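Subject: Structure handover

Hello,

Here is the structure I promised you. Please open it next to this email and follow along.

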Amino acid sequence: MIQVTDVTKAFAGKKLFESVSTSFPPGRRYGLTGPNGAGKTTFMKILSGDLEPDTGSVSRPKRLSVLKQDQYAYEDKRVLDVVLMGNKPLWGAMQEKEKLLAKPDLSNEEGARLGELEGVIAEEDGYSAEAEAATLLDGLGVFEEEHLRLMREVTGGDKVRVLLAQALFGKPTALLLDEPTNSLDIDSIHWLEDFLEKYEGTLVVISHDRHFLNAITTHIADIDYETIITYGGNYDNMVRAKAQVRSRIESENADKMKKREQLQEFVARFSAGTRASQVQSRIKQLEKLSLADVKKSNIARPFIKFEQKRPSGKQTLTVEGLAKGFEKGKPLFKDFTALVTKGEKVAIVGRNGVGKTTFLRTVLGEIEPDKGKVIWGHEAQIGYMPQDVRPIIPNNTTCFDYLHDIDPSAGNEQIRGLLGRMLFRGDEGMKPTKALSGGEAVRLLFCKLMLVQPNVLVLDEPTSHLDLESISALADGLQNYPGTVLFVAHDRDLISTTATRIFGFTHGKLEDFAGDYETFLERHGGFVDAH
C-alpha cells in the first residue's frame, strides 16, 4: 500500500496539485494520467521518495521498485548483474558472500555470517535468480548473447530495457514505472502487458501508449484541476466518466442559472409591492441555489490538419527489388518490391533494430541501396519527420521565425494560427527554439508540415514525446489527410486507426501486407516478429 496524505507541490509559482490525499492498495494497477506539464513525473518522484512535497507525506512499502531513468549509471556492470541489483537484499547478500569466499581462511564469526547469508539468498530465491533475470531480459528483447556484456557495450535502447528488467525483478510489493514502453518494440510491449497483468502488488505507471494503458490498468489516477481524481477501469473508461461528470455538472449549473434568473426577475418585480412574503421566499431560494465549482481543466488538445497544395500522381511510390544491409551477407531487407498508390497509409512495423528507419531513409534517398531502385511518382512532394527532430531545427531562432523562414510568403496571422493550433499560444510562439522540450519540438515540426502542405508524409516515430491528447490529434490528422503516408510507429492505436497497409519485418524479411494492422497481427499470432 502506498498512502498519500495532504500532498501539495508547486514549481515556479505554478501549483501542480494541492492537498492531495489518496491511496494505492495492492492488487490494483493504476495509470497516472494528465497532459504534458500536469505534474505526472513530479508526482511519481514524490511517490518514490526522490522528491519531497511542499506539504504532506507519503508512506511506502519496504519493497518498492522504481524504473530508474539514468541509463549510464551502471556502465562497468554486467547486464545480468544490473537486473539482479533490483533485489537489494539478495544482491547485497550475494556480494558479501563472494567476498567471504574469496578469503583463504574464515574466522568462526565469518563462517557463521556465511551461513546467515546463505539463508538470505535461499529466502530471496537466489539460486534461481539468474534464470529469472534472463527470462525478464529475453521478454524485453535483450537476448542471451547480451547478458554477460558490460552495460557500456550495449545500445542506449537496450540499456533502458535492462533498467526496466531491474525494476521488475525480485517480486516487489509496489512498482512505479515512468514511461516503461519507451524504447520497446511492439512484441516487447505485448510481453510487458502479460507480465503486468499477472503482477499482484501495487502498480503505478505513466504511459503515453493508450493501448498499453487500456490493456493493463484497473484504475486511473488522473492529474487535473490541481488535484488527483481516481477512476475505476482503464483509460477509455476514465475519459468517458470524466466527460460525463463534467457534462452533468455543466448541465446542472445551466438549469440553476435559469432558475436563478427567474427568481431574480420575480424579486425585482415584486420587492416593492404587496407580495413581500413571496419575495422573501424567493430570496431564500436564491441563497440556497449555489453553482457547483467547475474548475478549468489543464488538458489542451492540439488541432492537426495536414493538407496538400496539390495531389501527387496515382502511382506515388514504386520500389523494385530493394535490398540494404550494413554487414556483409546480412541484409536487413532484400528483394522488396511494392507499389504505393495515392492516399494509402502505410505503417512500417517490426522489432527494434530490424531496419525500419533504414528502410525509410533508403526510400528517401538518404542511404544508397545495395540493390534495386526507388521511383517517386509524378508531383510527389515529401514532408519528412526523422526520429530525432532536434538536429533539423536551428537553435538560433524562435518558433515563429523558424516557420517564417521556411515560407516567407506566409502571413503573420497564418503562422500564428498554426502555432496556436499546436498549443504555442500568445507569447509561446516567440519561444526560442533552443529552449523547446522534446514534445514542443515535435509539435513545431507538425506546424512546418501543415505550412508546407506536402502530398506525401514520411514519419519516423512521430509519437515520441507526445502526450495522449496529441497522439489522438495526430491520428485524426493522418486519417483525414488526403495524401500518402509512410510511418514507423510502436503506438498500436495509431497504427490500428490509421494504417490501410503494413510493411512488416517478419521472420527475417520485409513483407508487404495489403490489409489493416489487426488482420496482420492475427496472421502472425499476435506478434510482429518471431524468434
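One definition comes before the rest. Ala, Val, Leu, Ile, Met, Phe, Trp, Tyr, Cys and Pro count as nonpolar. Asp, Glu, Lys and Arg count as charged, and the others, Gly among them, count as polar. Keep in mind too that this is a predicted model.

**The second largest pocket**

Those classes describe the lining of the second largest pocket: 13 nonpolar, eight polar and ten charged residues. In total, 31 residues line this pocket. Its space comes to about 510 Å³. Which residues lie nearest its centre? They are Arg210, Tyr235, Val239, Leu468 and Glu469.

Several elements share the lining. At least two residues each come from β3 (29–33), α8 (210–216), α9 (235–270), α15 (468–480) and α16 (492–498). Which of them gives the most? It is α15, with seven residues.

**Aromatic pairs**

Next, the rings. The structure holds 13 aromatic pairs. One of them joins phenylalanine 333 and phenylalanine 359. Their ring centres are 5.5 Å apart, and the planes meet at 80°. Planes over 60 degrees apart count as edge-to-face, and this pair is edge-to-face.

Why does this pair tie together separate parts of the sequence? Phenylalanine 333 lies in strand β11 (residues 333–341), while phenylalanine 359 lies in helix α11 (residues 356–364), so the pair links parts that are 26 residues apart in sequence. Both phenylalanine 333 and phenylalanine 359 are buried.

Phenylalanine 359 also pairs with phenylalanine 503. That pair is edge-to-face as well, at 5.9 Å centre to centre and 85° between the planes. Phenylalanine 503 lies in strand β17 (residues 501–506) and phenylalanine 359 in helix α11, so this pair ties together parts that are 144 residues apart in sequence.

Is phenylalanine 503 buried or exposed? Buried means under 20% relative accessible area. Phenylalanine 503 has 1% relative accessibility, so it counts as buried. Phenylalanine 359 has 0%, so it counts as buried too.

These rings belong to a group. Phe333, Phe336, Phe359, Phe503 and Phe505 form one aromatic cluster.

**Charges over rings**

Last, look at two charged side chains. The charged end of lysine 9 sits over the ring of phenylalanine 11, at 5.1 Å from the ring centre. Arginine 443 lies over the face of phenylalanine 424, and its distance from that ring centre is 5.1 Å.

Best wishes

Terms used. Residues are numbered from 1 along each chain as its sequence is written. This is a predicted model: local features need pLDDT of at least 70, side-chain atom pairs count only at pLDDT 80 or more; totals for chains, interfaces and linings use all residues. Side-chain values use heavy atoms; hydrogens and water are left out. Rings of Phe, Tyr and Trp (its six-membered ring) pair if their centres lie within 6.5 Å; planes under 30 degrees apart count as stacked, over 60 as edge-to-face and the rest as tilted. Helices (H or I, at least four residues) and strands (E, at least two) are DSSP runs, numbered from the N terminus. Buried means under 20% relative accessible area, exposed over 50%, partly exposed in between (1.4 Å probe, protein chains only). A charge sits over a ring if NZ of Lys or CZ of Arg is within 6 Å of the ring centre and within 35 degrees of the ring normal. On a 1 Å grid over the protein atoms alone, a cavity is a set of points where a 1.4 Å probe fits but cannot get out, and a pocket is an open set with protein on both sides within 12 Å along at least five of seven lines; lining residues have an atom within 4 Å of a point. Grid points are joined across faces, edges and corners, and a volume is the space filled by probe spheres set on the points.
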